[in-house]
Amino acid sequence: MSKRILVVTGGGDCPGLNAVIRGIVKSAKLDGNWEIIGSMESYNGLLKDKIEIMPLTEKEVAGIHVKGGTIIKTTNRGGPFNFPVQQSDGSWQTENRTKLLLERLDDLGIEAIISIGGDGSQRISLELAKLGVNIVGVPKTIDNDLSCTDFTFGFQTAVEIATEAVDKLVTTAESHNRVFILEVMGRDAGWIALYTALGGGADVCIIPEIPYDPKIIAQKIATRYKDGEGFCNIVIAEGARDIAGQITGTAPTAVGDEHIKLGGAGDKLKQELQQLGVEHDIRVTVLGHLQRGGIPIAFDRILATALGVKAFELVKAKKYGAMVVYNHPEITHVSLEKVVEKSNFINPKNNSFLCAAKKIGISFGD
Ligand code: F6P
């Protein structure tokens, strides 16, 4: 009898998710007697009243490494510990459906779960592992904020897209003597902003790890102009914090989603600069989900495929409670406990890329 692996993709979508799924399915097929099943919308496919799962054979995964999104859908709402349920009065409340999950895993004869997801998803993986579920994690997020891995897949694609945006904004900024503020993703970690500022040659880079002072940014802008001629490009992470530690966004509206919806950091900075008397024409571009959708670049397809293959190998070797990681040049694994211990933030004191950015005059508003 074949052994069954359940695959879930959780949290925000990310370029490379499909390449991981394909890596798992193809390597399992070559190995022999395995059956791979996808739970739709992360664990929710197993938690809904009517189960939603999808068989994943070579047919379903053929050529999907070039496709953005995830063929088994994803969500950042719900999950076994906080499943949203509509009450008879129409309101929503979350409930713990772990018991149901365990029963259904048993009914379906699932040997192990491969959970492809970010920080929140791997915390769920750890909790499920503690309940005795055989589980292996695969690190996903464009934010690159998961620890223990050199890179998460999807990050480099996001950087590529954001860098292309800076390239475009530079030419228009230069033509009009404008200040351009490009708001990129990055909730708690500024990796996308930092790499984009370096790749695109921005003048200012604002990251969550370094609270910014708009006065310093205004001074930097002044150095970029002479007799009204000049331009300035600013990259700001959506999770930017001002000197009071304030972030910009709106409270979550959906039950089961505990995150503040970030957005508006670029507009806020524009206002602050205007209040300080910066008279140049300031324009704001918010890149948003363009950074997450679409075709993954080759690096992410390669990394995602190798992570998927390794995740299958861990299941085969019964090495559970672990997450596959990239420690160049190896694809290896670490315990889920270690993964969730801390996040991967930029160390403002000694990160080599941040130091390089400072050495070429990029201001971080500090
Ligand atoms: O965690 C990845 C991420 O892209 C963050 O950078 C961003 O804040 C968040 O997801 C947005 O999530 P959503 O699409 O659910 O608003």
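Helices (DSSP runs of H or I, at least four residues) and strands (E runs, at least two residues) are numbered from the N terminus. This is a predicted model, where local features need pLDDT of at least 70, side-chain atom pairs count only at pLDDT 80 or more, and totals for chains, interfaces and linings use all residues. Residues are numbered from 1 along each chain as its sequence is written, and side-chain values use heavy atoms, with hydrogens and water left out.

**View 1. A positive phi at Glu41.** Look in the loop between β2 (34-39) and α2 (44-47) to find Glu41. Its phi is near 55°, so here's a positive value in a residue other than glycine. Most residues other than glycine have a negative phi.

**View 2. A cis peptide bond ahead of Pro329.** Going from His328 to Pro329, the peptide bond is cis, with omega near 5°. Pro329 itself sits in the loop between β16 (322-327) and β17 (330-335). For context, most peptide bonds are trans.

**View 3. The ligand and its shell.** Around the ligand you'll find Asn76, Ile142, Asp143, Met185, Gly186, Arg187, Glu238, Lys261, His289 and Arg292; a residue is near a molecule if one of its heavy atoms lies within 4 Å of it. Sorted by class, that shell has two nonpolar, three polar and five charged residues. Nonpolar here means Ala, Val, Leu, Ile, Met, Phe, Trp, Tyr, Cys and Pro, charged means Asp, Glu, Lys and Arg, and the others, Gly among them, are polar.

**View 4. Polar contacts to ligand oxygens (pairs of N or O atoms within 3.5 Å).** An N or O atom in the Asn76 side chain is 2.7 Å from an oxygen atom of the ligand. For the side chain of Arg292, the N or O to ligand oxygen distance is 2.9 Å. Gly186 joins in through a backbone N or O atom, 3.4 Å from a ligand oxygen. Taken alone the ligand exposes 400 Å², and the protein buries 79% of that (Shrake-Rupley areas, 1.4 Å probe).

**View 5. A salt bridge between Lys26 and Glu58.** These two side chains meet at 3.9 Å, N to O; the cut-off is a side-chain nitrogen of Lys or Arg within 4 Å of a carboxyl oxygen of Asp or Glu. The pair links distant parts of the chain, with Lys26 in helix α1 (residues 17-31) and Glu58 in helix α3 (residues 58-61), 32 residues apart. Searching the whole structure turns up 20 salt bridges.

Notes. A polar contact is a pair of N or O atoms within 3.5 Å; within protein, one must be able to donate a hydrogen and the other to accept it, and residues adjacent in sequence count only if both atoms are side-chain atoms.
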